[in-house]
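User: Could you take a close look at the largest pocket in this protein for me? I would like to know what lines the largest pocket and what sort of chain it sits in.

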Amino acid sequence: MEANNAGRTEAALTSLYSRKELEQQPPPFFIGERTNTNGSKKFRTHLLENDWNSMVAMAKEQMKTGAHSLDICVAYTGRNEQHDMHELVRRLRTSVDLPLVIDSTNPEVLETAFKLMGGRGLINSVNLEDGEAAAGAVFSLAKRYGAAVICLTIDETGMARTVNDKTCSCRAIIS
């Protein structure tokens, strides 16, 4: 949260070079999903080939096509997520003029990204799947680094499906 000239507080994300308000006119706030191993086969292939330059090029392309931020996920079975996050964020922080959305549930990976990136980012996909203690560790990191969070209504039993289950999950997250 940052205060504007009128003293009103506005939610925003920042990179080393720019500030993007979460409330866009016209809405919505676009999060580029192509730099995510779960959202792009091409990105995943570049990761498996350790082709960091092509991954940065994909990020730049999303910037050109109107993304307000970039969703960064390098989780892939058999790879070192923390190492991959370090390598990618190290390159993106000075190559791309967009705030980063770090999409990981691993606190060590999140901290690696936030130590490197500069600015105020966002943590994607916080949930209770691994219990309240695990979510608490992520929330502590968010507080330490001034990050915003996107929470999902998932708990130890899976994705909440009914209104009541979703409400209970949300109450557990904010408690």
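Analyst: Happy to help; here is a walk through the pocket, followed by the chain around it. Please keep in mind that this is a predicted model.

Let's begin with the space itself. The largest pocket holds about 300 Å³. Its lining is made up of 17 residues, and those closest to the centre are Ser104, Thr105, Ser125, Asn127 and Glu129. Two elements each give two or more residues to this lining: strand S8, which covers 122–126, and helix H5, which covers 132–145. Of these, H5 gives the most, with three residues. As for chemistry, the lining of the largest pocket divides into eight nonpolar, five polar and four charged residues.

Now for the chain that carries the pocket. In secondary structure, the protein chain has six helices and eleven strands. Its radius of gyration is 16 Å, and because a compact globule of 175 residues would come out near 16 Å, the value agrees with that picture. Taken along the principal axes, the C-alpha atoms fill a box of roughly 50 × 45 × 30 Å.

The contacts and the surface round this off. Among contacts in the protein chain with a separation of 6 or more, 63% are between residues 24 or more positions apart. Of the 175 residues, 42% count as buried. The accessible surface of the protein chain is about 9500 Å², and 49% of that belongs to carbon and sulfur atoms.

Note on methods: Residues are numbered from 1 along each chain as its sequence is written. This is a predicted model: local features need pLDDT of at least 70, side-chain atom pairs count only at pLDDT 80 or more; totals for chains, interfaces and linings use all residues. Side-chain values use heavy atoms; hydrogens and water are left out. On a 1 Å grid over the protein atoms alone, a cavity is a set of points where a 1.4 Å probe fits but cannot get out, and a pocket is an open set with protein on both sides within 12 Å along at least five of seven lines; lining residues have an atom within 4 Å of a point. Grid points are joined across faces, edges and corners, and a volume is the space filled by probe spheres set on the points. Helices (H or I, at least four residues) and strands (E, at least two) are DSSP runs, numbered from the N terminus. Ala, Val, Leu, Ile, Met, Phe, Trp, Tyr, Cys and Pro count as nonpolar, Asp, Glu, Lys and Arg as charged, and the others, Gly among them, as polar. The radius of gyration is taken over C-alpha atoms; the globule rule is 2.2 Å times the number of residues to the power 0.38. Buried means under 20% relative accessible area, exposed over 50%, partly exposed in between (1.4 Å probe, protein chains only). Contact means heavy atoms within 4.5 Å. Accessible areas come from the Shrake-Rupley method with a 1.4 Å probe; for residues, only the protein chains shown count as cover.
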